[in-house]
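This report looks at a few local features of one protein chain, with attention to backbone angles and to burial. Please keep the sequence and the model in view while reading.

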Amino acid sequence: MSKNVAQILVDALEKAGAKRVYGIPGDTINHFTTAVAKSDLRWIGVRHEEAGAFAAGGESYMTGELSVCAGTCGPGSLHFVNGIYESHRNGAPVVLIASDVARTESGFNFPQEVDQKKIYEQHSHFCEYISHPSQARRIVTKAAQAALTKKGVAVVIVNGDMFTETDDDAMDWQVHRPHPVCRPNDTEMAELAALVDGAAKVSVYAGIGARDAREEIIAFCKKVKAPMVHTTRAKEFLEPDNPYNVGVNGILGNKAGVEALEDADLVITLGCDFAYTQYYPDGKKIAQIDIDPTHLGRRSAIHLGLVGDAKTTMAALVPLVAEKVDASHLEAQLTQWHEDLQGYEKEGEESDPSLIHPQFVANMLDDKAADDAIVVSDAGTSMVWMLRHVRANGKRRFLNTLLHGTMASGMPQAMGAKLAYPDRQVIAMCGDGSLTMLMGDLLTLVQEDVALKLLVFHNNSFGFVEMEQRVEGLVDHFTGLHNPDFAKLADACGFAGWHVETADALAPAMDAWLRHDGPALLDVKVNQMELVMPPKIEASQVAGTALFGVKAVLDGRAGEVVDLLRNNFLR
């Protein structure tokens with residue numbers, strides 16, 4: 001029995017494991033949405049397609065399984081772009097059904113016509129048209145396979161009139177998901193072992209590509225007395241119960257994480273593609289191991305570059321290296337890591353009842369959130385508070401926009417995670433600027449009955465941008481925000497909200513917010529003058545902040561300088 005292309009697409013997506021489709025209905029996908037309505041797929045109707053792409057990416061990042069977005073020709077499909085880019089860079093397996101105008105009008109600059117392939121092929125693993133009904137299942141299946149095996153986005157472009165074309169759909173195309181193992185050859189492994197044996201102080205720098213190699217890394221660190229530094233994306237996988245963990249490198253990191261790499265004779269980077277060259281140690285030997293050979297040496301000059309998966313390579317390396325006796329390098333970094341953690345705790349203390357520092361909020365959330373909570377943050381300062389103050393314990397999951405760095409991602413990504421895990425506590429740590437970018441999709445939480453918990457760090461500014469400007473010695477411009485009372489906004493949308501302005505009111509409000517059955521928002525007015533302190537304070541940063549002080553005084557804003565000092569340096 002023949003089926004139309006819309007039915008074939010929906011069936012192929014279901015067989016590939018998809019459970020939800022995010023989008024807004026419209027002319028060129030009406031036959032597709034009709035097929036979805038008659039299937040077991042759940043349509044999630046968002047208010048902005050960008051939110052749909054973020055949500056699909058949040059779902060797929062957390063589950064590792066396929067999710068789907070569907071957009072109407074030019075405007076609808078284009079609205080997905082930023083969320084699709086975010087999902088692709090996160091490695092979230094998402095398929096976008098990008099429709100186009102009817103074939104009879106294609107190529108004549110028909111209203112809403114765009115060249116979808118030129119737009120999407122730069123940030124997808126697969127991007128193809130369905131040119132004939134007989135290709136429908138094959139194209140969609142290959143798209144799903146590319147998304148799932150290459151970890152990222154695949155795009156299927158369908159002209160609106162193609163959805164009604166029919167085919168007997170006789171060929172049984174299926175998704176295949178192999179899991180090969182890979183390590184360097186024996187000669188390369190011996191060379192790596194010789195580097196380890198010849199170095200007095202070894203450190204490991206592990207990224208999300210080493211997410212499955214935790215036990216192997218621990219065994220290596222134990223044998224050679226090496227501290228392990230991890231990237232921010234690897235936090236949830238490598239940090240918990242790891243006696244060799246010393247934190248994070250980079251501007252969002254901690255002192256031990258930076259010094260463990262600077263003080264080493266040999267750094268082994270493992271599944272790590274950390275982008276900021278200035279945070280790699282100068283003049284030290286670096287051995288890089290990555291499954292993708294194009295990643296070797298692209299962030300920093302390296303001494304040895306090897307291709308392999310982290311788990312298999314480290315398991316093979318441990319028996320080849322000699323055990324080290326001197327643990328002074330490891331012990332020094334562990335001592336510093338303990339001091340760094342104490343510093344985070346101290347930053348979260350609140351002595352002024354009229355002021356709420358964001359670290360105080362994040363520490364309290366860490367204490368009160370469920371052991372298996374899923375925590376998602378926006379870009380900017382809320383991301384910093386999550387990474388520094390919400391602990392990984394092996395059960396919690398984390399997601400933030402570290403590779404694309406886009407505003408507005410937190411709430412919709414958390415929505416997708418909550419839809420995937422309805423029985424788990426899912427918390428979005430939102431900046432006020434980011435939340436207001438896609439504020440319309442607060443209504444989606446009510447319409448789709450998504451019991452998400454939103455925590456708004458309400459500082460009336462683009463806080464991270466403001467901090468960047470001040471550290472450069474500039475008087476901040478255009479960063480101020482006029483915001484509503486977000487708790488009242490939640491109430492107007494149809495769900496519960498709490499508003500807090502004093503430190504002593506935070507704990508009971510947070511308890512009620514977390515207990516609430518259904519979507520809920522906690523709006524916390526936090527200190528606007530909070531600086532994000534890097535792990536090491538450079539003279540240029542101090543000079544830049546001081547220069548801001550001079551300029552601000554000359555600009556008639558002396559009160560802000562006093563507040564900046566009181567809230568950050570005189571605590």
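## Helix α5 and its end

Which residue follows α5, and what is the sign of its phi? In this predicted model, the residue after α5 is Gly91, and its phi is positive, near 80°. Within the helix itself, which spans residues 81-90, the buried positions are Gly83, Ile84, Glu86, Ser87, His88 and Asn90.

The elements that cover these buried residues of α5 come from several parts of the chain, and include the helices α3 (49-63), α6 (116-120) and α16 together with the strands β5 (94-100), β7 (153-159) and β16.

## Positive phi outside glycine

Most residues other than glycine have a negative phi. Against that background, Lys225 stands out with a phi near 60°, a positive value in a residue other than glycine. Lys225 sits in the loop that links α9 (214-224) to β10 (228-230), and with a relative accessible area of 16% it is buried, because the cut-off for that class is under 20%.

Ala408 is another residue other than glycine with a positive phi, in this case near 75°. Its place is the loop between β16 (397-399) and α16 (410-420), and both of these flanking elements are included in what covers the buried residues of α5. Ala408 has a relative accessible area of 2% and is therefore buried.

## Nonpolar cores

In soluble globular proteins, nonpolar side chains tend to be buried together. Here the largest nonpolar core has 80 residues, and those with the most contacts inside it are Ile217, Phe220, Leu442, Leu452 and Leu454. A second core, separate from it, has 35 residues, among them Val21, Ile29, Ala70 and Leu148.

Leu442 can be followed in greater detail: when residues up to four places away in sequence are not counted, it touches Met411, Leu435, Leu454, Leu489, Cys493 and Phe495.

## The loop around Val450

Val450 belongs to the loop between α18 (442-447) and β18 (453-458). Is this loop residue buried or exposed? Val450 counts as buried, because its relative accessibility is 1%, a value that falls under the 20% cut-off.

The C-alpha atoms of Val450 and Lys418 are separated by 6.8 Å, although the two residues are 32 residues apart along the chain. Leaving out residues up to four places away in sequence, Val450 touches Lys418 as well as Met415, Leu419, Thr444, Leu445 and Pro519.

Notes
Residues numbered from 1 in each chain as written. Predicted model: local features only at pLDDT ≥ 70, side-chain atom pairs only at ≥ 80, totals over all residues. Heavy atoms only, no water. Helix = DSSP H or I, 4+ residues; strand = E, 2+ residues; numbered from the N terminus. Buried < 20%, exposed > 50% of the residue type's maximum accessible area, 1.4 Å probe, protein only. Core = buried A, V, L, I, M, F, W, Y, C linked by side-chain atoms within 4.5 Å. Contact = heavy atoms within 4.5 Å.
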